[in-house]
Amino acid sequence: MRDWLLDYDKMEEWYCVAEQLVGINGTRQNQLKPASVDHYQTPLEPNPTSKFAFDGMISLKMQPYRTPQAVITQDHTPSGRTVGPLDDTKFVGDLRQTM
């Protein structure tokens, strides 16, 4: 965020508010930017994309962490979203058909 007019310290409180409202899973451990509040849900199981990110962090000599994702892993009261069954077929195929 070097090109932003406001630095992270001034925006951090609002990042935490947004993360609480949206519902984020991941881990704070080893992230370079500290957070005053941790609203993260339990991270999803690793997948090929998270493995790619993990390998990239290792190759850059960073301490690896589970990258935050806006995917809920448990019911999320602030947004009213709930975790459904993994075999829920109403979203299979063209998403526009469900709207």
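Select helix H1, residues 8-22, and centre the view on Trp-14: the helix has a kink of about 25° there. The model on screen is a predicted one.

Keep H1 selected and display its side chains. Its buried residues are Tyr-8, Glu-12, Cys-16 and Glu-19. The spacing in that list can be read against a general property of helices: with 3.6 residues a turn, an α-helix has residues three or four places apart pointing the same way.

Next, select Trp-14, Val-17, Leu-21 and Val-22, and switch to a surface representation. These residues make a nonpolar surface patch of about 370 Å². Leu-21, one of the members of the patch, belongs to helix H1. Trp-14 therefore deserves a second look, because the kink in H1 is centred on this residue and Trp-14 also contributes to the patch.

Move on to Gly-23, just after H1, and inspect the backbone. Gly-23 takes a positive phi of about 95°.

Now select Arg-28 together with Glu-19, Asp-38 and Tyr-40. Which residues are linked with Arg-28 in a network of salt bridges? They are Glu-19 and Asp-38. Begin with the contact to Glu-19, where the side chains of Arg-28 and Glu-19 meet in a salt bridge of 2.4 Å, N to O. Are the two partners buried or exposed? Arg-28 has a relative accessible area of 18% and is buried, and Glu-19, at 15%, counts as buried as well; the cut-off for this class is under 20%.

Turn then to the other contact of Arg-28, a salt bridge with Asp-38 at 4.0 Å, N to O. Both Arg-28 and Asp-38 lie in the loop between H1 and helix H2 (48-59), so the pair ties together parts that are 10 residues apart in sequence.

Without leaving Arg-28, show the ring of Tyr-40. Arg-28 lies over the face of Tyr-40, at 4.1 Å from the ring centre. For rings that pair with one another, a search of the whole structure finds one aromatic pair.

Staying in the loop between H1 and H2, select Asn-30. Its phi is positive, about 75°, although Asn-30 is not a glycine. As background, most residues other than glycine have a negative phi. Asn-30 counts as partly exposed, at 30% relative accessibility.

Proceed to helix H2 and select Lys-51 and Asp-55. A salt bridge joins Lys-51 to Asp-55, with the closest N and O atoms 2.7 Å apart. Why are Lys-51 and Asp-55 separated by about one helical turn? The reason is that they are four residues apart in helix H2. Lys-51 is partly exposed at 46% relative accessibility, and Asp-55 is partly exposed with a relative accessible area of 35%. The count of salt bridges in the model comes to three.

The last stop is Lys-61, in the segment after H2. Here phi is near 60°, a positive value in a residue other than glycine. Lys-61 has a relative accessible area of 74% and is exposed.

To close the tour, return to a view of the whole chain and highlight the network of Glu-19, Arg-28 and Asp-38. Glu-19 is among the buried residues of H1, whereas Asp-38 lies in the loop between H1 and H2.

Notes
Residues numbered from 1 in each chain as written. Predicted model: local features only at pLDDT ≥ 70, side-chain atom pairs only at ≥ 80, totals over all residues. Heavy atoms only, no water. Bend = angle between axes of the 7 residues up to and from the residue. Helix = DSSP H or I, 4+ residues; strand = E, 2+ residues; numbered from the N terminus. Buried < 20%, exposed > 50% of the residue type's maximum accessible area, 1.4 Å probe, protein only. Phe/Tyr/Trp six-rings, centres within 6.5 Å; stacked < 30°, edge-to-face > 60°. Lys NZ or Arg CZ within 6 Å of the ring centre and 35° of its normal. Patch = residues over 30% accessible without salt bridge, like charges linked within 9 Å, V, L, I, M, F, W, Y side chains within 5 Å. Areas by Shrake-Rupley, 256 points an atom, 1.4 Å probe, with all protein chains shown as cover.
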